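Colleague: Hi! I'm new to reading protein models, so could you walk me through this one?
Modeller: Happy to, let's pull it up.

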Amino acid sequence: MLTVTRSAVTALRSTRTLATSSLPAVGALRTKYTLPDLPYDYNAVSAQMPRRIARPRHEGFGNKLFSVTDTVSYVAEIMQLHHSKHHQTYVNGINAAEEKLGESLTKKDLRQQIELQSALKFNGGGHINHSIFWTNLAPQSQGGGEAPKGELLRAINSEFGSLEDFQKKFAAQTAAVQGSGWGWLAYNKATKKLEIATTANQDPLISHVPLLGVDVWEHAYYLQYKNVRPDYLKAIWSVVNWKNVAERHAAVAK
């Protein structure tokens, strides 16, 4: 159990910064995870996803109709909340859990180490998953929505028949996730093939190498699509950064 959690957390070393506010008893410096900056503005991606309703209504605003300007602000709020609030919560959670873990290791408190595993998995997984998710998206001005090419497209066609068939299968499996979770296009190192996988809650994908992750927690889409997950899964392709997915694929498919 400890081995799996540490493997997942190790994947995030590049997102840490040095912190001196809390020093273990041994005197070593502990590093903290930080919220990664987005490589685009908050409204750059969400505003380009087709909306289920052109001028969205939200229960908190009664019967107000949104103007075009209001709508851009509205969809920017979705991304801002998702990134600066939800993702930040996972960052705070993994930092707090690791600090407690360090204390329990120093004290050789095995019971507390075991108790911390769920917090490490949930918050560490949330940080891993979202850090991938943000780079998997791009505004159309930066190539978002452009179809994959080259080796990645050949691999998709080989495993799923066509890009369109892959998207249909991906949407079907991901829409079927019970409650909250993630859908993944992933690389299986053992078979050297692409596969579709899903994970529950914020569980990180450990069995495969994640290439493309789509967040299907309702906080990712409820302001824009309410509880209609299939509509969100149709719209997401308009901003998928296939160049980033291809880079991830090229790094492992050697």
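Modeller: We can talk about confidence, aromatic pairs, salt bridges and one glycine.

Colleague: How confident is the predictor in this protein, going by the average pLDDT?
Modeller: This is a predicted model, and the pLDDT averages 84, with 77% of the residues scoring at least 70.

Colleague: And where is the pLDDT below 50?
Modeller: Residues 17-27 are one such stretch, with 17 contacts in the model beyond near neighbours in sequence. Residues 53-72 also fall below 50, and that stretch has 23 contacts of this kind.

Colleague: Okay, new topic. How many aromatic pairs are there?
Modeller: The structure has 13 aromatic pairs. One of them joins F133 and W182 edge-to-face, with 5.6 Å centre to centre and 85 degrees between the planes.

Colleague: Where in the chain do F133 and W182 sit?
Modeller: F133 is in helix α5 and W182 is in strand β3, 49 residues apart, so the pair links distant parts of the chain.

Colleague: Are F133 and W182 buried or exposed?
Modeller: Both F133 and W182 are buried. There is also an edge-to-face pair between F170 and W237, at 5.5 Å centre to centre and 70 degrees between the planes. F170 belongs to helix α7, while W237 is in the loop between α9 and α10, 67 residues apart. F170 and W237 are buried too.

Colleague: Which residues form an aromatic cluster with F170 and W237?
Modeller: F160, F166 and W242 join F170 and W237 in one aromatic cluster.

Colleague: What about salt bridges, how many are there?
Modeller: The count is four. Among them, K121 and D203 meet through their side chains at 3.8 Å, N to O. K121 lies in helix α5 and D203 in the loop between β4 and β5, so this salt bridge ties together parts 82 residues apart in sequence.

Colleague: How exposed are K121 and D203?
Modeller: K121 is partly exposed, with a relative accessible area of 41%, and D203 is partly exposed at 23%.

Colleague: Which residue forms a salt bridge with R154?
Modeller: That would be E151, with the closest N and O atoms 2.7 Å apart. R154 and E151 are both in helix α6, three residues apart, or about one turn of the helix.

Colleague: Last one: why does G143 count as buried?
Modeller: G143 counts as buried because its relative accessible area is 6%, and the cut-off for buried is under 20%. G143 is in the loop between α5 and α6. Its C-alpha atom is 10.0 Å from that of N244, although G143 and N244 are 101 residues apart along the chain.

Note on methods. Residues are numbered from 1 along each chain as its sequence is written. This is a predicted model: local features need pLDDT of at least 70, side-chain atom pairs count only at pLDDT 80 or more; totals for chains, interfaces and linings use all residues. Side-chain values use heavy atoms; hydrogens and water are left out. Rings of Phe, Tyr and Trp (its six-membered ring) pair if their centres lie within 6.5 Å; planes under 30 degrees apart count as stacked, over 60 as edge-to-face and the rest as tilted. Helices (H or I, at least four residues) and strands (E, at least two) are DSSP runs, numbered from the N terminus. Buried means under 20% relative accessible area, exposed over 50%, partly exposed in between (1.4 Å probe, protein chains only). pLDDT is the predictor's confidence in each residue, from 0 to 100. Contact means heavy atoms within 4.5 Å.
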